[in-house]
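Here is a friendly first look at a protein model. Take a moment with the sequence and the picture before reading on.

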Amino acid sequence: MVCMADRDTTTGTHDDAIEPLAALRRIAFLMERSRGEMRRVEAFRKAAATIVRLDPQELADRAAAGTLTELSAIGASTGRVIAQAIEGRRPDYLLDLEAAGAADPLVQGSEPLLTQLRGDLHSHSNWSDGGSPIEEMVATAMELGREYLALTDHSRSLRVANGLSEERLRKQLEVVAAVDAHVSGSGFRLLAGIEVDILADGSLDQEAELLERLDVVVASVHSKLRSPAATMTKRMLGAIQNPRTNVLGHCTGRLVEGGRGTRPPSQFDARAVFEACVEHDVAVEINSRPERCDPPDELIELALEIGCLFSIDTDSHAPGQLDFLAYGAARAQRLGVPAERIVTTWECDRLLEWAARR
């Protein structure tokens, strides 16, 4: 990060003015997309949640009196950002992040395919193991130019991720409908979805009646990842054959880097699984998370050869991670996946028609 003492402090001029709330959100977004320390990210998110409820004049008065840090969740760093934004300056903290490249493109050369991606079918909110409210995820997706976002919080058996019980999913459907109605005039759609766990017997971890009410169902394996290949193949085939499944999520479950360590890919008959995806019109997810990079290149090539559809998704757990779409786009482009076989390049109406066809 650029040293404060080395920076030309005249660069934060009134021409670069940004509102305090926008400054806090922008800082958190940039730290999330560059996989910064979550404790620091949370500090800026909490500060934003505090000031969004305040009258702007009270905020300005507190900045003038030097009492911003008396507010809940406002510390020295976040208070300085707010005060500088109120002065009409681009805050030093934001300038440091931008100078360090936090706003630069995540992947060079991904633009040809990235610009064709209209939406994202895999995202999480603080209803399960995500870090932000649904509304913040939606606001960021809109700012990034997405046309639709599917909210796919975890299902009930994944308790470690605060998976949604039947009752909580019903409540979430009401919230999703309300948020979607609120943004309906913008041309953006919030889709009701779930990342449903594929259980050991191949069934889906939610009531069929509830799954039928969703726009998109991503089915993923999260447990017993080291099962024998035959067992895992049978399990995945059961989920793919289920008429409520639309997308097969991060199919190998591997981890290639990151704070959770590494994990080898699950073993299964990939040809049989991908042939079933073609037969049942289920898309294979290209998971954009850098620590997953799933499926491996050779499996994407096999799925491409067999004739699968694909869904490039972020699996985002924070607003800044919605920008991870660039990683998946770069891989798909490098491996020659045609845009027309990627369902997230489709217009929303076409996508919903495809998702409902079964």
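The notes below go through the sheet and then the pockets.

This is a predicted model, in which local features need pLDDT of at least 70, side-chain atom pairs count only at pLDDT 80 or more, and totals for chains, interfaces and linings use all residues. Residues are numbered from 1 along each chain as its sequence is written, and side-chain values use heavy atoms, leaving out hydrogens and water.

Let us begin with the sheet. Its 7 strands (DSSP E runs of at least two residues) form an open sheet in the order β1-β2-β3-β4-β5-β6-β7, with parallel pairing; strands pair if DSSP finds at least two bridges between them. β1 (119–120) and β7 (310–313) stand at the edges with a single partner strand each, so one side of each has no neighbour in the sheet. Further in, 2 bridges join β4 (residues 216–220) to β5 (residues 247–248), and Ala219 has Leu248 of β5 as its bridge partner.

Now to the pockets, whose linings compare as follows (Ala, Val, Leu, Ile, Met, Phe, Trp, Tyr, Cys and Pro count as nonpolar, Asp, Glu, Lys and Arg as charged, and the others, Gly among them, as polar).

| Pocket | Nonpolar | Polar | Charged |
|---|---|---|---|
| Largest pocket | 6 residues | 9 residues | 11 residues |
| Second largest pocket | 8 residues | 3 residues | 7 residues |

Which helix gives the most to the lining of the second largest pocket? That is α2, with 7 residues; helices here are DSSP H or I runs of at least four residues. α1 (20–33), α2 (38–51) and α7 (134–143) each supply at least two residues of this lining.
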